[in-house]
Amino acid sequence: MTFSLVARCADTGMFGTAIASSSPAVAARCSYTRAGVGAVSSQNITDPTLGPFALDLMQGGMSASEAILGVRHQGRFIEYRQVLAIDAQGRTAIHSGPRSLGIWTQASGPDVVSAGNLLANADVPQAIVDGFVQAKGHLGDRLIAAMRAGLAAGGEAGPIHSAGMQLCDKVQWPVADLRCDWTEDCPIEAVAVAWGIYKPQLDAYVQRALDPREAPSYGVPGDA
């Protein structure tokens, strides 16, 4: 019921996740990033504790592969879970439990890993990876391109209704956390529209948090 990717920008060190599903509010349960550490997607009959747990392991010095091994050893009902991870060096790892739903598969490339379940076909994760690798520009742009490529390759077996994209950079909070929690239209395109609006303001929102005295105007009625 889900397809996703986690990725790193080799130039900036920024991490990101993007995900889509037939279920509501998928990104709220499945997407995790941490500046300087990595990114994780925890999906397929989701256990939301596995994302922070994997990030804690990587923050403690483990590679993505070691963290996923830790998830396998300590996670409950791990045969039902899919967990994707990328670490600060761009190394990737995936756990796909044998009780993942429907057609499930995975793929990886430089600084990116993708997986899905209840897919229309087994080629979707590779299409996502290829879409990411071939795309240019900001990490957020590349994540959107990857998700569009996965959808064009077939996406989920049924219609998707929610999607999300999360980015982290040098601060302790996600610098972008954009979601479409439910729509009868395309949630990936809804997130893409939100990203097009948010992207030019991303740095300003970070600056406002760090030092509002140096921040640009807020661009709202009544702002002096």
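Me: What makes S2 and S9 a pair in this predicted model?

Reply: Bridges do. Two strands pair if DSSP finds at least two bridges between them, and S2 and S9 (residues 162–168) are joined over seven bridges, in the antiparallel sense. So by the cut-off of at least two bridges, they count as paired. You can spot one place to look: Ala 20 stands opposite Ala 163 in S9.

Me: How do you know that S1 pairs with S2 too?

Reply: Use the cut-off again: at least two bridges are needed. Strand S1 (residues 2–8) has seven bridges to S2, and the two run antiparallel, so S1 and S2 pair as well. Leu 5, for instance, has Ala 18 in S2 as its bridge partner. The hairpin of S1 and S2 has six residues between the strands, and Gly 13 takes a positive phi near 80 degrees there.

Me: Why is S2 called mostly covered?

Reply: Buried means under 20% relative accessible area, and seven of the seven residues in S2 (residues 15–21) are buried, so the name fits. Phe 15, Thr 17, Ile 19 and Ser 21 point one way, while Gly 16, Ala 18 and Ala 20 point the other way, and all are buried.

Me: Now helix H3: which of its residues are buried, and how do you know that they line one face?

Reply: In H3 (residues 64–74), the buried ones are Ala 64, Ala 67, Ile 68, Gly 70 and Val 71. Looking down the axis of H3, they fall within an arc of 155 degrees, so they line one face of the helix.

Me: What covers them?

Reply: The cover includes helix H2 (50–59), strand S5 (82–87) and strand S6 (92–96).

How values were computed:
Residues numbered from 1 in each chain as written. Predicted model: local features only at pLDDT ≥ 70, side-chain atom pairs only at ≥ 80, totals over all residues. Heavy atoms only, no water. Buried < 20%, exposed > 50% of the residue type's maximum accessible area, 1.4 Å probe, protein only. Helix = DSSP H or I, 4+ residues; strand = E, 2+ residues; numbered from the N terminus. Arc of directions from axis to C-beta. Contact = heavy atoms within 4.5 Å.
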